[in-house]
Each structure stands twice: as structure tokens, then as C-alpha cells.
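Subject: Handing over the structure

Hi,

Here is the structure I promised to pass on to you. Have a look at it first, and then read on for my notes.

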Amino acid sequence: MPEKIYKMKIQFWSIGKNNESYIQEGVKEFTHRIQKYYPVEWNIIPVPKNAGMMSEMDLKKKEGEMILEWVKKEDYLVALDEKGKELTSEKLADFLQARANESVRTIIFLIGGAFGLDEAILKRANFTLSLSRLTFPHQLVRLLLAEQVYRACTILKNEKYHHR
């Protein structure tokens, strides 16, 4: 019996509130477009209860513990962090293709909470990515990330969305 070929799944995980309507429309559009290339889903992780009463360090630790419970050993975790590696759109496309070539089943792009990601998450991450040295609202990062992943997919297929 031939071996079953698995198509890599892309998951976007983000800690925080659901998207504002002006963000939600764009995220929905780019998510729909990505589905032409890869199965994709979003997981919006609510901020822990009593977050307002926690210190920045305790909140990051609590968020990190929740995430580590959900991430599977075989998942390829990409942590978004301002100290991560910046890639061009073309290099992001190469990065996605390399993960697919490695038969990664699930790649998770993780956007942290208001104070970023706990050190335990950064240690678990297979790759740490920075979208920019600028600081963006987390909801806007969701839109930027979805658009860039879509752009990477079109680059891989040599489609006209990305102008070289």
C-alpha cells in the first residue's frame, strides 16, 4: 500500500481578543486565499483570567504554560518576537517550502500577548521570526502575517500577486 502523503497545515495562534471588524475582514480574506495552497486555521487564545492582577512576568509565564500544553512535540513552532530573524517575502516563501520538503505536518505561527512570549516558548520554538523592528498592535500583526504567508504562497507558485 503506498504511503499517504500529508499536506502541511498552517495554524496561526494569537493570544488576545477577537479581531476588530476592520482587521477581521482582511484576516478572513487572506486566510481564504491561503486555503488554495494549504489547510489553514486560526486559534485566538483568550488572555488568562485575572490577567489585570498579574505581573508582566507572571502573565507571560501563564500564557506560556497554556501554549506549551497545546503544542505537540512534532509541531513546528514559529514564535513571532521582535528579536527574531527578519526575512524578505522571498525568504519566507523559501522557509515555507523547506518546511513542506521536511514533511512538517503542522507549522504554527504564534503571536504572543501584550508583553510578548515567555522564555519557555522561545526555547521551544523551532524558529523565531520578526515581521519588523517596528511595534504593531497584535491584531494588526495577525493581518500582516496572514498577508505575508499568502504572498509567500504566491511566490512559490510564481503567481502575479508578488511583484519582483
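Below is what I found, starting with the whole protein and moving on to a few single residues.

One thing to keep in mind as you read: this is a predicted model.

The overall picture

The protein has 5 helices and 5 strands. If you walk along the sequence, they come in the pattern β-α-β-α-β-α-β-α-β-α. The C-alpha trace spans about 50 × 40 × 25 Å along its principal axes. How does the radius of gyration fit with a compact globule? For 164 residues such a globule would come out near 15 Å, and the protein has 16 Å, so the two agree.

Of those 164 residues, 45% count as buried. The accessible surface comes to about 10,100 Å², and carbon and sulfur atoms account for 51% of that. As for how the chain meets itself, take the contacts between residues at least 6 apart in sequence: 83% of them join residues at least 24 apart. On the charge side, there are 26 positive and 22 negative side chains, and the centres of the two sets lie 4 Å apart.

Ser-130, in a strand

Now zoom in on Ser-130, which you will find in strand E5, residues 127–130. Is Ser-130 buried or exposed? Its relative accessibility is 3%, so Ser-130 counts as buried. Leaving out residues up to four places away in sequence, Ser-130 touches Asp-81, Glu-82, Gly-84, Lys-85, Glu-86 and Leu-87. There is also something to see close by in sequence: a polar atom of the Ser-130 side chain lies 2.9 Å from the backbone oxygen of Ser-132.

Ile-44, in another strand

Ile-44 sits in strand E2, which covers residues 40–45. With 23% relative accessibility, Ile-44 counts as partly exposed, because buried would mean under 20%. Which residues does Ile-44 contact, leaving aside its neighbours within four places in sequence? They are Ser-14, Gly-16, Lys-17, Asn-18 and Arg-142. Leu-144 is 100 residues from Ile-44 along the chain, and their C-alpha atoms are separated by 16 Å.

Asp-58, in a helix

For a helix residue, try Asp-58 in helix H2, residues 56–70. Asp-58 has a relative accessible area of 41%, so it is partly exposed. Asp-58 and Asp-118 are 60 residues apart in sequence, and from C-alpha to C-alpha they are 9.2 Å apart in space.

Two positive phi angles

Last, a couple of backbone details. Most residues other than glycine have a negative phi. Ser-103 has a positive one, near 60°. Where is Ser-103? Look in the loop between helix H3 (89–101) and strand E4 (106–111). Ser-103 has a relative accessible area of 57%, which means that it is exposed.

Asn-158 also has a positive phi, in this case near 55°. You can find Asn-158 in the segment after helix H5 (138–156). Asn-158 is exposed too, because its relative accessible area of 64% is over the 50% cut-off.

That is what I have for now. Enjoy looking around!

Best wishes

How values were computed: Residues numbered from 1 in each chain as written. Predicted model: local features only at pLDDT ≥ 70, side-chain atom pairs only at ≥ 80, totals over all residues. Heavy atoms only, no water. Helix = DSSP H or I, 4+ residues; strand = E, 2+ residues; numbered from the N terminus. Buried < 20%, exposed > 50% of the residue type's maximum accessible area, 1.4 Å probe, protein only. Polar contact = N/O pair within 3.5 Å; in protein donor to acceptor, adjacent residues only side chain to side chain. Contact = heavy atoms within 4.5 Å. Rg over C-alpha atoms; globule rule 2.2 N^0.38 Å. Areas by Shrake-Rupley, 256 points an atom, 1.4 Å probe, with all protein chains shown as cover. Lys, Arg positive; Asp, Glu negative; His and termini not counted. Charge placed at Lys NZ, Arg CZ, Asp CG, Glu CD.
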